[in-house]
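Biologist: Please pick one part of this model and take me through it closely, piece by piece. I'm new to this, so explain your terms as you go.

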Amino acid sequence: MVTWRSERPTAELHLRVGTASAILTVAWPGWRRTLTESALTIQRISSSPGRTKVVFNLTDCVGCRAYRGSDSADVGAYFTAYFYPFKRRWMSAGVARQRVEQCFRVALVQDPRTNLLEAERWACAIRDASVQQAPRKDGEQGVTNSEVRRPCRVMILVNPLSGRGQALQLFTGHLQGMLTEAAIPYTLVITEHQNHARELVKKADLSQWDALVIMSGDGLLFEVINGLMERDDWQEAIQTPLGILPGGSGNALAASVHHYSQ
C-alpha cells in the first residue's frame, strides 16, 4: 500500500483524453504518482540506485474502487485498483494472468470527506481510462466489436456438470471475484437439466440484462442461441451480446473466439 500526505499537494487534472499527456498527477514527499491514458505509474523520487518506478498497464485493469477504512479514527481514504497482468507460471515456461491488487491511502488533509472525494476522483479516472483500452479491431477477420453499456448487467449461465463437474468451481474461484472487482451486477443461473438454458432464454425479459455469458462447453452456447432464435422477437433478441467462458473439457469454440478477437 502506498500512502501520501501533504498540506499542499500538487494535483493536476487534464480533461483531454486521447493523448499521451497525464490525466492525473499527484506528487508528495519522495513520491510521484501519474495516471496517463494507458498506465498508472508510481515513482520514487530518489537518487539512490535500485527499483524506483512501478508501472501498472491499464489494459490489465478490471476495476477500481474508493472507500473509507474500517477504523473510524482514520481520516484517510483508500482506493484499490485490480490488475490481471500476464506473468510466468511458477516452475513453468508458460504465462498466465495473475491477480495484483494495489491499494493507496489518501490523507491529504484532516477532513475525511475531502480525502474520500480525492480517492473517488482517482478511482473514477482509472476506471474510465481502463475502459478506453478495450481492443477495437472492427472488420478484421470478420470480427465486429461493439461496446457494451457500463455498468453492464449480465446474466451468467453455468452448467455445473461441464468440465468434469468443475465449471461452477471455476466460477466461484475465479470469475465471481473479478465481477465484484469490476463492479458488474450479475444474475447467476445454474442449469438443472438439458435445454434449461434454451427454455429460460426463450421466455426471459432480456431488457433486464445487457449481455448473456455462458460458462460451459459448446453445448450450452448452442442452447442459448436456439432459445434466442425461437423467440417472437428473435431479430432483436439475437443482437444481445453473448460471451463464452471456457468451462468445458475441450473449449475449442472459446479458444477460437479468443484467437480471432486478438
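Modeller: Sure, words first: helices and strands here are DSSP runs numbered from the N terminus, a helix being H or I over at least four residues and a strand being E over at least two. This is a predicted model, so local features need pLDDT of at least 70 and side-chain atom pairs count only at pLDDT 80 or more, while totals for chains, interfaces and linings use all residues. Residues are numbered from 1 along each chain as its sequence is written, and side-chain values use heavy atoms, with hydrogens and water left out.

Let's look at the open sheet. Its four strands come in the order β13-β12-β14-β15, with parallel pairing. Pairing has a cut-off too: DSSP has to find at least two bridges between two strands. At the edges sit β13 (186-190) and β15, each of them pairing on one side only. Going from one strand to the next, the twist averages 20 degrees. Helix α5 packs on this sheet and touches β12, β14 and β15, and its direction makes about 150 degrees with that of β14. Touching means contact, that is, heavy atoms within 4.5 Å. The angles run from 0 to 180 degrees between N-to-C directions, along lines fitted to C-alpha atoms, and for helices the fit covers the stretch in contact.

Now zoom in on β14, which covers residues 211-216. Six of its six residues are buried, where buried means under 20% relative accessible area, exposed means over 50%, and partly exposed is in between (1.4 Å probe, protein chains only). In a regular strand the side chains alternate between the two faces of the sheet. You can follow both sides in β14: A211, V213 and M215 sit on one, L212, I214 and S216 on the other, and all of them are buried.

What runs alongside β14? Strand β15 (residues 242-246) does, joined to β14 in parallel by five bridges. L212, for instance, has L242 as its bridge partner in β15. Strand β12 (residues 154-158) also pairs with β14 in the parallel sense, again over five bridges. Try matching up the partners on your screen: V154 stands opposite A211, M155 opposite L212, and L157 opposite I214. So L212 has a partner in β15, namely L242, and also faces M155.

Strand β12 is largely enclosed by the rest of the structure, because five of its five residues are buried. V154, I156 and V158 point one way from β12, while M155 and L157 point the other way. β12 is also joined to β13 by five bridges, in parallel. There, V154 has Y186 as its bridge partner.

Back to the helix on the sheet. α5 spans residues 218-229, and N226 lies in it. N226 counts as partly exposed because its relative accessibility is 34%. If you want a distance to check, the C-alpha atoms of N226 and I238 are 9.6 Å apart, with the two positions twelve residues apart along the chain.

Before you leave the model, have a look at its salt bridges too. The structure holds eight of them, each being a side-chain nitrogen of Lys or Arg within 4 Å of a carboxyl oxygen of Asp or Glu. R99, E101 and E181 are linked in a network. In one part of that network, the side chains of R99 and E101 meet at 2.7 Å, N to O. E101 is partly exposed, at 43%, and R99 is partly exposed as well, at 44% relative accessibility. R99 also meets E181, at 2.6 Å from N to O. That pair links distant parts of the chain, 82 residues apart: E181 is in helix α3 (residues 167-181), and R99 is in the loop between β10 (95-97) and β11 (100-106). E181 itself is buried, with a relative accessible area of 11%.

One more salt bridge joins E118 and R121, whose closest N and O atoms are 3.1 Å apart. Why does a single helical turn come into it? The two are about one helical turn apart because E118 and R121 are three residues apart in helix α1 (residues 112-131). E118 counts as buried because its relative accessible area is 11%, whereas R121 is partly exposed at 26%.
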